[in-house]
Amino acid sequence: MTVGPAKGQHAVVTGGAGFIGSHLCERLVEQGLRVTCVDNLSTGRTANLEALAGDERFTLLRADVSEPFSVQGPVHHVVHLASPASPLDYLALPLETLRVGSAGTENALRLAHEHGARFVVASTSEIYGDPAQHPQRESYWGNVNPIGPRSVYDEAKRFTEALTAAYSRTLGVNTGIARLFNSYGPRMRRDDGRVVPTFIGQALAGSPLTINGTGDQTRSLCFVEDTVRGLLALMGSSFPGPVNIGATGEMTVREIAEAIAGHAGAELRTEFREPAEDEPGRRCPDIETARVQLGWKPEVPLAEGIRRTLLWWGSTYAHDTDRDGVNEPSDIGSGAA
Ligand code: NAD
């Protein structure tokens, strides 16, 4: 069972021009909602919103949510996704990442408070840091280096959760916190440094797949369509969370490399690099809360998700000659948001 928000309602989606946000905006419009996407296009792209161009139910408001912004009411849902998400992006935008997690989250919460709207926010498995418990349950408080390079993202998201919980407790805002684990699928930028687009670009170019560290670190990859169904279910409920939304098929980064090379029809060649600082060793969600509270579980098998991502990749980049599809070594990472 996955319920969602209701037809005729108005949803504001911050970060709606990004990878996950654009898929969410499309689903919401399909379900008969009016959607206002608020995005500064720092890591998102208008190309992600092509399917919605010209649709009168959809509005793109180009704005930085770290600055106060307003949206004409009524507003029934505020979904706060705005934030750089790939390590490459947030390491390049450290102050912006901290600001959008703090001031940006407060501006989005204020909007929800002003309109009596349901507020759903994308937190992340990164709040568990390099986890000492496995798999990660929502009751685990995490193991984060508060001053390491990744802290600009991890701590921003932990503050996001704290602020959201405080708005709920103090002002009665109807909030829901989703802890998203690694998502993949169409519309990930090929140069965003996350493991799936990095490996796809390299496999298709016949280059070695670059792995940080030993490649024994694990990730659990959730197809974006499943992630979006989880967000819709949380929007349609009054469950406060936090709730893990992610796939449970834990794989080592080496195994992910093998799977992607196999589906891309490429011979597997790997090249190992220095491990990234503070990169988590293991990542796998316990999704019992999502199952019980939201009736949600992932449904798209990895092989199918990779196949669909490769199809999109081919149709998007096949005629694009200004880039070779391969990331520069400094861009490569096996991390993910
Ligand atoms: P993305 O970078 O593709 O999308 C983020 C969007 O936010 C972009 O469109 C960007 O332009 C916008 N944005 C950033 N700062 C902004 C600001 N100050 N004002 C307005 N817009 C701003 O990332 P994504 O992968 O789609 O992630 C979406 C959300 O989900 C993020 O909050 C991220 O932390 C969270 N998340 C993602 C994953 C994942 O695997 N993709 C995992 C965990 C959490």
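**Salt bridges in the predicted model**

Glutamate 250 is partly exposed, its relative accessible area being 28%, and in this predicted model its side chain meets that of arginine 282 in a salt bridge with an N to O distance of 3.4 Å. The pair links distant parts of the chain, since glutamate 250 belongs to strand E12 (residues 250-252), whereas arginine 282 lies in the loop between strand E13 (270-273) and helix H8 (288-294), 32 residues apart. Arginine 282 is likewise partly exposed, with a relative accessible area of 43%.

A pairing within a single helix is provided by aspartate 226 and arginine 229, both of which lie in helix H6 (residues 224-235), three residues apart, or about one turn of the helix. The closest N and O atoms of this salt bridge are 2.8 Å apart. Aspartate 226 has a relative accessibility of 0% and therefore counts as buried, and arginine 229, at 16%, also counts as buried, because the category covers residues under 20% relative accessible area.

Aspartate 191 forms a further salt bridge, with arginine 189 as its partner and a separation of 3.4 Å between the closest N and O atoms. The two residues of this pair fall into separate accessibility classes: aspartate 191, at 26% relative accessibility, counts as partly exposed, while arginine 189, at 17%, counts as buried.

Beyond these pairs, Glu26, Arg27, Glu30 and Arg187 are linked in a network of salt bridges. The structure as a whole holds 23 salt bridges.

Notes. Residues are numbered from 1 along each chain as its sequence is written. This is a predicted model: local features need pLDDT of at least 70, side-chain atom pairs count only at pLDDT 80 or more; totals for chains, interfaces and linings use all residues. Side-chain values use heavy atoms; hydrogens and water are left out. A salt bridge is a side-chain nitrogen of Lys or Arg within 4 Å of a carboxyl oxygen of Asp or Glu. Buried means under 20% relative accessible area, exposed over 50%, partly exposed in between (1.4 Å probe, protein chains only). Helices (H or I, at least four residues) and strands (E, at least two) are DSSP runs, numbered from the N terminus.
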